[in-house]
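Let's take a friendly walk through a protein model together. Have a look at the sequence and the structure first, and then read on.

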Amino acid sequence: MMRTSQIILLFAAAFFCATGRAGEIAVHEGESIHDALRQAREWRRTGDARCEGGITITLNGGRHYMQEPLFLRPEDSGTAESPTIIRGTIQTVICGDTRQQHTQLWPKEGMERMLDFNPASRTITIPTPPEGVLGTKGLEMVVHQRWAIAILRVKEMKVMGDRTVVTFLEPESRLEFEHPWPQPVIGGEKGSSSFLLRTTEQRQGLEQLVLVDGAHHIIFEGITFENTCWNRPLQKGHVTLQGGFPLVDAYKLKENPGLPWDSGLENQAWIERPVSAVTVRNAKHVDFLRCRFQHLGATALDFESIDHGLIEGCAFEDIGGTAVMAGSFAESPLEVHRPYEHLADRCTGLVIRNNVIHNATCEDWGAVAVGCGYVKNTTIEHNTVSHVNYSGICVGWGWTPKPTGMENNHIINNKVSDYARQLYDAGGIYTLSCQPGSSIAGNDIAQPFPAPYATNDRGFCIYLDARTDGYSITHNKTEGRPIRRDEIGDNQPGPNLLFQP
């Protein structure tokens with residue numbers, strides 16, 4: 001005969017399973033999220049009955065400070081019937097270190113035009129700054145380069161009357177002067193490129209809050225992710241190719257330029273992925289619902305490789321780099337200009353919808369609001385994008401007319417405004433390379449912002465950049481009227497584009 005205590009325990013277990021309250025773990029402010037996740041992992045490992053119907057880790061309101069990223073492994077995976085849910089209540093914040101602050105020393109406001117850019121001597125010549133600036137240690141020069149910026153740590157400043165010649169630390173000096181594109185413009189259509197000098201007060205800090213690596217059926221809901229740093233410029237400067245992607249090696253092909261897949265190619269480049277506050281890779285069925293991302297130093301949310309994921313109802317505000325990144329960008333060890341067909345399979349079935357992105361690209365002006373590289377079967381719909389320094393919604397990579405594996409990507413019913421605030425060669429919606437079966441439809445895109453330091457006027461509502469093909473472009477509007485075909489930017493587009501106003 002059962003004891004009374006045993007009957008009560010069995011009744012309680014049955015009650016929790018029936019009501020769906022089994023598998024709930026509460027984390028209060030000051031308690032460890034890592035420990036809660038470990039508890040859920042042990043329930044999965046042992047086949048505990050509390051896994052039935054899913055495990056919910058509830059982070060109660062307050063600030064949950066991270067000393068290291070929360071790491072979700074394959075062993076943390078749920079199933080379609082029993083997902084792992086990490087849920088916030090009112091004012092739940094996962095946070096790290098306050099983002100680095102900068103003091104612009106000269107000019108006090110805006111930027112100043114440079115006088116010379118010399119790849120042979122690896123120098124930039126500028127008007128001579130005030131005496132107090134010349135003696136400052138730890139100076140950085142931020143350089144405007146049409147569709148990108150460079151952040152260069154100053155090595156030495158040699159005053160020559162009203163002109164000053166500036167040299168820089170390595171590795172950024174080599175990368176800046178050996179890679180031909182983009183580089184600063186001297187005497188361009190609208191004048192020379194610009195720069196500013198500044199210092200950074202805060203040094204190293206926590207860059208990443210969450211890493212989902214190899215897990216599946218994970219849901220984050222109702223959480224604010226806040227405060228991360230961006231350490232790269234402090235360690236090695238920041239010289240980019242495009243879209244905020246740092247160069248790790250690059251040089252110009254000086255003898256017999258061109259390669260079998262592109263006879264006009266003049267440069268080689270290897271890049272690395274920008275750091276992100278929240279990273280998802282090698283994963284399946286990972287969702288972010290009604291979350292908030294704010295005050296983050298570099299990328300906010302990065303779906304590096306995913307088989308079906310959802311980003312819905314989220315808000316992004318004050319983001320240093322790209323707000324939402326997805327897919328491969330042919331990072332090192334791959335050379336970025338080669339045509340690849342297999343990379344798009346790493347990111348498929350991603351849906352980005354009903355999100356609000358405002359004030360991204362604050363630290364790296366060359367980043368974007370939504371940046372998707374080699375992706376397929378991706379839908380970006382009903383998002384509102386505003387106040388970004390380069391392009392708004394970007395899909396594609398590779399600069400090639402050859403097959404890329406990218407296909408069935410849809411950019412529909414989004415609203416994009418106040419973009420290209422600092423850089424040009426930009427688009428409210430921007431695409432690259434061959435993407436059969438894709439569409440740009442029903443979007444409301446404002447005219448580009450009149451960027452004050454741009455050296456050309458290449459800004460468009462829709463920009464079909466290098467070798468874009470495979471898109472149907474229908475029913476898009478600007479300023480309350482249809483966008484005309486002659487208003488869409490072209491750069492060697494393919495033959496399989498369909499346009500309908």
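## A histidine and its surroundings

His 179 lies in the loop between helix 4 (172-178) and strand 14 (194-200); helices (H or I, at least four residues) and strands (E, at least two) are DSSP runs, numbered from the N terminus. The model you see is predicted, so local features need pLDDT of at least 70 and side-chain atom pairs count only at pLDDT 80 or more, while totals for chains, interfaces and linings use all residues. Residues are numbered from 1 along each chain as its sequence is written, and side-chain values use heavy atoms, with hydrogens and water left out.

Is His 179 buried or exposed? With a relative accessible area of 2%, His 179 is buried (buried means under 20% relative accessible area, exposed over 50%, partly exposed in between, with a 1.4 Å probe and protein chains only). Leaving aside neighbours within four places in sequence, His 179 is in contact with residues including Arg 174, Leu 241, Tyr 251 and Asn 267, where contact means heavy atoms within 4.5 Å.

## The whole chain

The chain has five helices and 44 strands. Its radius of gyration, taken over C-alpha atoms, is 25 Å, close to the 23 Å that the globule rule gives for 501 residues, so the chain is as compact as a globular protein of that length. That rule is 2.2 Å times the number of residues to the power 0.38. Of the 501 residues, 57% count as buried.

## The nonpolar core

In soluble globular proteins, nonpolar side chains tend to be buried together. Here the largest nonpolar core has 135 residues, of which Phe 220, Phe 225, Phe 288, Phe 293 and Phe 316 touch the most other members. A nonpolar core is a set of buried Ala, Val, Leu, Ile, Met, Phe, Trp, Tyr and Cys residues joined through side-chain atoms within 4.5 Å. Strand 12 (residues 148-160) gives the largest share of this core, seven residues. Not counting residues up to four places away in sequence, Phe 316 touches Phe 293, Ile 311 and Val 356, among others.

## Backbone surprises

Most residues other than glycine have a negative phi, and most peptide bonds are trans. This table shows some departures.

| Place | Feature | Angle |
|---|---|---|
| Trp 181 to Pro 182 | cis peptide bond | omega near 0° |
| Ser 332 to Pro 333 | cis peptide bond | omega about 20° |
| His 382 | positive phi, not a glycine | phi about 55° |
| Gln 492 | positive phi, not a glycine | phi about 55° |

Pro 182 lies in the loop between helix 4 and strand 14. His 382 sits in the loop between strand 31 (379-381) and strand 32 (384-386), and at 42% relative accessibility His 382 counts as partly exposed.
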